[in-house]
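Please follow this walk through the fold with the sequence and the coordinates open side by side. It begins at a single residue and widens from there to the whole chain.

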Amino acid sequence: MNEKELKIMDTSLKLFVERGFHGTSTAEIARNAGVATGTLFHYFKTKEDLINHLYLYSKESLLGSVSGHYNNAESFQENIKRLWLKLVYFGIQESNQFQFILSFHCSPYITSLTKRQVETKFESVFEAYKIGLEKQEIKEASYEMLTDCLWGNVVATVNHFERYPERFNEKTLNLAFELFWGGISK
């Protein structure tokens with residue numbers, strides 16, 4: 001991705017999070033990104049195309065922050081905590097991407113092709129739960145249910161720290177994880 005395309009993506013993320021799909025025009029995106037509207041359309045054919053690229057880009061960034069960190073030498077709980085922490089830190093440090101994912105997860109503008117591309121990339125996350133189920137460390141539930149529980153807790157934790165940034169510390173982080181772990185562990 002070149003500098004102009006990245007600038008358009010970053011500007012779009014910020015504006016779509018702040019103003020939503022209908023409240024953000026392509027002319028406004030181009031102006032704020034410092035490019036001509038034609039340049040924006042050179043990279044993205046339509047506003048919907050831009051939304052799909054942003055969704056895939058944000059989800060891939062999220063996946064990149066959590067992938068490849070499972071360590072067989074550590075307990076399942078330690079591995080899940082590492083995954084959980086990486087998700088929480090992504091939500092805090094990459095706030096625009098995180099909020100964009102939340103805002104557009106159920107959007108009719110995200111195509112079924114984009115959703116399928118994202119789902120296949122996240123199959124590795126389900127593998128961690130498979131280990132926990134095999135070791136009988138977590139409650140019997142579908143991977144999707146477990147992932148939804150994880151995601152819901154991460155969202156709640158990120159939102160909590162956005163509202164109360166003074167509470168962001170190791171003790172509160174550990175408590176938030178324990179609330180999640182207590183819900184899924186046997």
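Serine 58 sits in helix H4, and in this predicted model its relative accessible area is 0%. Because buried means under 20% relative accessible area, serine 58 counts as buried. Leaving aside residues up to four places away in sequence, serine 58 touches Leu13, Phe90, Gln97, Phe100 and Ile101. For one of these partners the backbone distance can be given as well: the C-alpha atoms of serine 58 and isoleucine 101 are separated by 6.8 Å, although the two residues are 43 residues apart along the chain.

From this serine one can step to helix H5, which has 18 residues and reaches 25 Å from its first C-alpha to its last, close to the 26 Å expected at 1.5 Å a residue. The buried residues of H5 are Phe76, Asn79, Ile80, Leu83, Trp84, Leu87, Val88, Phe90 and Gly91, and Phe90 is among the residues that serine 58 touches. In reading such a list it helps to recall that an α-helix has 3.6 residues a turn, so residues three or four places apart point the same way.

Leucine 87 belongs to H5 and is buried, with a relative accessible area of 6%. Apart from residues up to four places away in sequence, leucine 87 touches Leu62, Val66, Phe98, Leu150, Trp151 and Val154. The C-alpha atom of leucine 87 is separated by 9.0 Å from that of valine 155, a residue 68 residues apart from it along the chain.

Is leucine 85, also found in helix H5, buried or partly exposed? Its relative accessibility is 23%, and because the limit for a buried residue is under 20% while exposed means over 50%, leucine 85 counts as partly exposed. The C-alpha atoms of leucine 85 and leucine 173 are nevertheless separated by 8.2 Å, with their positions 88 residues apart along the chain.

Tryptophan 84, one of the buried residues of H5, touches Leu150, Asn153, Val154, Thr157, Leu173, Ala176, Phe177 and Phe180, again not counting residues up to four places away in sequence. Together with Phe16 and Ile80, Trp84 touches the most other members of the largest nonpolar core, which holds 50 residues. Two or more residues of this core come from each of helix H1 (3-19), helix H2 (26-33), helix H4 (47-66), helix H5 (76-93), helix H6 (95-104), helix H8 (123-134), helix H9 (143-163) and helix H10 (170-184). H4 gives the most to this core, with 8 residues. As a general background, nonpolar side chains in soluble globular proteins tend to be buried together.

Helix H2 shows how a shorter list of residues can be placed against its surroundings. Thr26, Glu28, Ile29, Ala30 and Ala33 are buried in H2, and the buried residues of this helix pack against H1, helix H3 (37-43) and H4. After H2 comes glycine 34, which has a positive phi near 75 degrees.

A positive phi also occurs at glutamine 136, a residue other than glycine, where the value is near 55 degrees. Most residues other than glycine have a negative phi, and most peptide bonds are trans. Glutamine 136 lies in the loop between H8 and H9, and with a relative accessible area of 56% it is exposed, because exposed means over 50%.

With these local views in hand, the chain can be taken as a whole. It contains 10 helices and 0 strands, so that from the N terminus on its elements run α-α-α-α-α-α-α-α-α-α. The C-alpha trace spans about 55 × 40 × 25 Å along its principal axes, and of the 186 residues in the chain 38% are buried. Among contacts with a separation of 6 or more, 70% are between residues 24 or more positions apart.

The surface and the charges complete the picture. The chain exposes about 10,100 Å², of which carbon and sulfur atoms supply 52%. There are 21 positive and 23 negative side chains, and the centres of the two sets lie 4 Å apart.

Definitions and conventions: Residues numbered from 1 in each chain as written. Predicted model: local features only at pLDDT ≥ 70, side-chain atom pairs only at ≥ 80, totals over all residues. Heavy atoms only, no water. Helix = DSSP H or I, 4+ residues; strand = E, 2+ residues; numbered from the N terminus. Buried < 20%, exposed > 50% of the residue type's maximum accessible area, 1.4 Å probe, protein only. Contact = heavy atoms within 4.5 Å. Areas by Shrake-Rupley, 256 points an atom, 1.4 Å probe, with all protein chains shown as cover. Lys, Arg positive; Asp, Glu negative; His and termini not counted. Charge placed at Lys NZ, Arg CZ, Asp CG, Glu CD. Core = buried A, V, L, I, M, F, W, Y, C linked by side-chain atoms within 4.5 Å. Expected span 1.5 Å × (residues − 1).
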